[in-house]
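Visitor: Got a minute to walk me through this one? I'd like to poke around a bit.
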Amino acid sequence: MFTYLMKNLPANKYLAGISNVFIMLLPVSLISSFSLLASNGATLFEWNYISDELKTISVLIAQLFPVLLVVFFAQYLASLYKQPVIAVITSSVLLYFIICLQWELLHKGSIIPINFPFAIIIPIVVSFIYQYLKLWSVFKDSHLPNVVERSINLVFSVSIVSSICLFISYCLEYLILEVLHLQLTMPKLNPESLVDGVIYEFIRGILWSIGINGHIILASYKIELFRITSESLALIELGMGTMPILTSNFYDFYTGMGGSGNTLSLVICVLLFAKNKGYRTLAKAALLLSIFNINEPILYGLPIMFNPIMIIPFLLAPIAGLIIAYFATLWEIVPPIMGVISWMTPPIIGGYLGTNGAISGSILQILILLIGIAIYYPFFMRMDKLSMGRTALDSLTERFFSSEKIDTTKAIGSYIPHLSINMAAQKTIEHLHKTGDFILYYQPQYDIEKQKVISLEVLIRHRSYSGFISPPSFIESFSELGLLPELDFWVLEKAIVTASLYADDPEFKISVNISPETVLVPTFLSTLTQLVNSNALNFTQLELEITEELLIKDEKETKKTLNKLRSLGITIALDDFGSGYSSIAYLSRFDFDKVKIDRSLLLNIETERGKKLFRLAVELGQITGANIVVEGAESKSEVDFIQSLGISCIQGFFFYKPMPLEEIIKLGLVKSIDDRVT
């Protein structure tokens, strides 16, 4: 079961989204936590006014956190499913307040509901309803002004979705409270029982792991502990009675070092063993707060909340500390915790002060911390391994290329939550987005026999505002961030729209490279069909170039998609033939209209072995009946050798370099619109 979780949880887009949102909101948690720490520091100097102000700030920011969670998670889901962002956010926030009020989830003295499960469930339900009903396109074909159209759609969709969700909520409330009479009741726990103490710690951990403050839900148990502790201290002062093992501070000092879950052990584990720089940065930021037993940054930043892998050690570590400390006290290895000390007292110091100056109390805390590190270690190292080299650009608030009709849910690389986003790739794309525009270049494929250009391969470039053209090295950054489908769809749409201007020439043809991730998007075929049908370009004037990588990923689904594309009249070309390991095998299992031989095979034609290998590649391609194109010809000798093998179609710098459409027209390779009109 655990192996299954480790293997499959990284692909869950909801867990990825939740983790990304928690990462985005980490500064909010840090500000709240540091305000609380500063408040307690001000109290030590008896700066009561400043302390109260800082505490108020901390509370207000903490209350704002779940509302921001609703906003950003709704935005993530809207981006994921190509839904109207404003409508999904508006509906989610509105429903969060109304439903929390309906279920009486407002804490005493608060006007803002704090409920993490609802903050996550509500945006999911809202997004599902929008996806199912597709309400945002109700007035899409109207003749209303664009702003008016969007406003009407927003009001209409928010009203419909809110009504549906409120109806569901009221039905559930009636069913649960009125029909089934179910109430959330905690078991009655004996404050002096070790077994009940384990149950208390387990329930508290479970509640924290889903974003519910376990201290509030189990407040009655802690109040009873405090009462027993106070009474015992009073009797001891009178020379009567003994101190019970389980006291209020017992949990603070042995199961809450660094905060619930003994998360100081986790912070130390991260600092010592993390390979991911982002995790180490998080641990450094959280260390000071963890020393004072504040763990919200590590709960939200790693995160632990809603992370099934990290929840396991989060539950085990404090229970282990509880049992070890209980028997150490029972067997009189350490004295019982005496007095009532602030829960923010740092570990080791707390153990010393709590046991009335016994070094053994500090040593016990150190031992529990080490055991906690050992418990957290295998789980965190798995997290660390999953995070290396991966990215989650979905944490960004914007996507550069988007369309409501494109579903890239299978293409987005989501994984178990972590802090370290691939900053290099993200910064590269953000920099390109801010400093220029993405444009299309075209490289002609030349037929020597016909002495004419037979096709134009579409290539993406970036042009800065100063006019500098960047090579397509940035494509790797898009790949790292799971944005290749969005990039491909943008190129396809722009290329097809532009090519439609020249579609009246029956011999005109464009060729577009498509990444494996894009072909496997569920709506790829329907989106491409709609793009062609809505423009003047014919299916027969479009060629798609795919690589061997696609055939490796999902052979069955790929074959089905390629057959459908060919049935429409679209030409399918196998790109980079000869550069992979299994190209020959795929030639026998797939039907290709064109095979493009990779330049790497041209590099060695100076040798007899190189010439034989090149001839063999050509013969293999010809056996399938596909047309052969050789890529990368740059010299006269290469062209002569290619032509000697009976190949007439060549693409390379010897004939034409990639160039903008304007130059293509100037060279007469494509007639301008004015020329064709005259």
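**The nonpolar patch and beyond**

Guide: Sure. Let's start on the surface: helix α7 supplies nine residues to the nonpolar patch, its largest share. Keep in mind that this is a predicted model.

Visitor: Which residues make up that nonpolar surface patch?

Guide: Among them are Phe128, Tyr132, Phe156, Ile160, Phe167 and Tyr174, and the patch covers about 1200 Å². The elements giving two or more residues to it are α6 (116-133) and α7 (146-179).

Visitor: And where does Ile164 sit?

Guide: Ile164 is in helix α7. Its relative accessibility is 30%, so it counts as partly exposed.

Visitor: OK, inside now. Which residues have the most contacts in the largest nonpolar core?

Guide: Those are Phe22, Leu266, Met310 and Phe380, in a core of 72 residues. The top contributor to this core is helix α4 (residues 48-80), with eleven residues.

Visitor: What does Met310 touch, leaving aside its neighbours within four places in sequence?

Guide: Met310 is in contact with Leu266, Leu302, Pro303, Ile304, Tyr376, Phe379, Phe380 and Met383. There's also a second, separate core of 71 residues, which includes Phe438, Leu487, Ile570 and Val595.

Visitor: Switching to charges: how many salt bridges does the structure hold?

Guide: It has 14. One of them pairs Lys596 with Glu457, with the closest N and O atoms 3.1 Å apart. Lys596 is in strand β7 (residues 594-597) and Glu457 in strand β2 (residues 452-464), so this bridge links distant parts of the chain, 139 residues apart.

Visitor: Is Lys596 buried or exposed?

Guide: Buried, at 0% relative accessibility. Glu457 is buried too, with a relative accessible area of 5%.

Visitor: What about Arg566, what does its side chain meet in a salt bridge?

Guide: Asp593, at 2.9 Å from N to O. Arg566 lies in helix α24 (residues 555-567), while Asp593 is in the loop between α25 (583-589) and β7, 27 residues apart. Arg566 is partly exposed at 29%, and Asp593 is partly exposed at 24%.

Visitor: And Arg599, which residue does it form a salt bridge with?

Guide: Glu634, with the closest N and O atoms 3.7 Å apart. Arg599 is in the loop between β7 and α26 (608-623) and Glu634 in the loop between β8 (627-631) and α27 (636-644), so the bridge ties together parts 35 residues apart in sequence.

Visitor: Which residues are joined into one network by salt bridges that share partners?

Guide: Glu457, Glu545, Lys596 and Glu631.

Visitor: Last one: how many disulfides?

Guide: Zero. As for cysteines, Cys269 is buried at 0% relative accessible area, and Cys171 is partly exposed at 36%.

How values were computed
Residues numbered from 1 in each chain as written. Predicted model: local features only at pLDDT ≥ 70, side-chain atom pairs only at ≥ 80, totals over all residues. Heavy atoms only, no water. Disulfide = S-S within 2.5 Å. Buried < 20%, exposed > 50% of the residue type's maximum accessible area, 1.4 Å probe, protein only. Core = buried A, V, L, I, M, F, W, Y, C linked by side-chain atoms within 4.5 Å. Helix = DSSP H or I, 4+ residues; strand = E, 2+ residues; numbered from the N terminus. Contact = heavy atoms within 4.5 Å. Patch = residues over 30% accessible without salt bridge, like charges linked within 9 Å, V, L, I, M, F, W, Y side chains within 5 Å. Areas by Shrake-Rupley, 256 points an atom, 1.4 Å probe, with all protein chains shown as cover. Salt bridge = Lys/Arg side-chain N within 4 Å of Asp/Glu carboxyl O.
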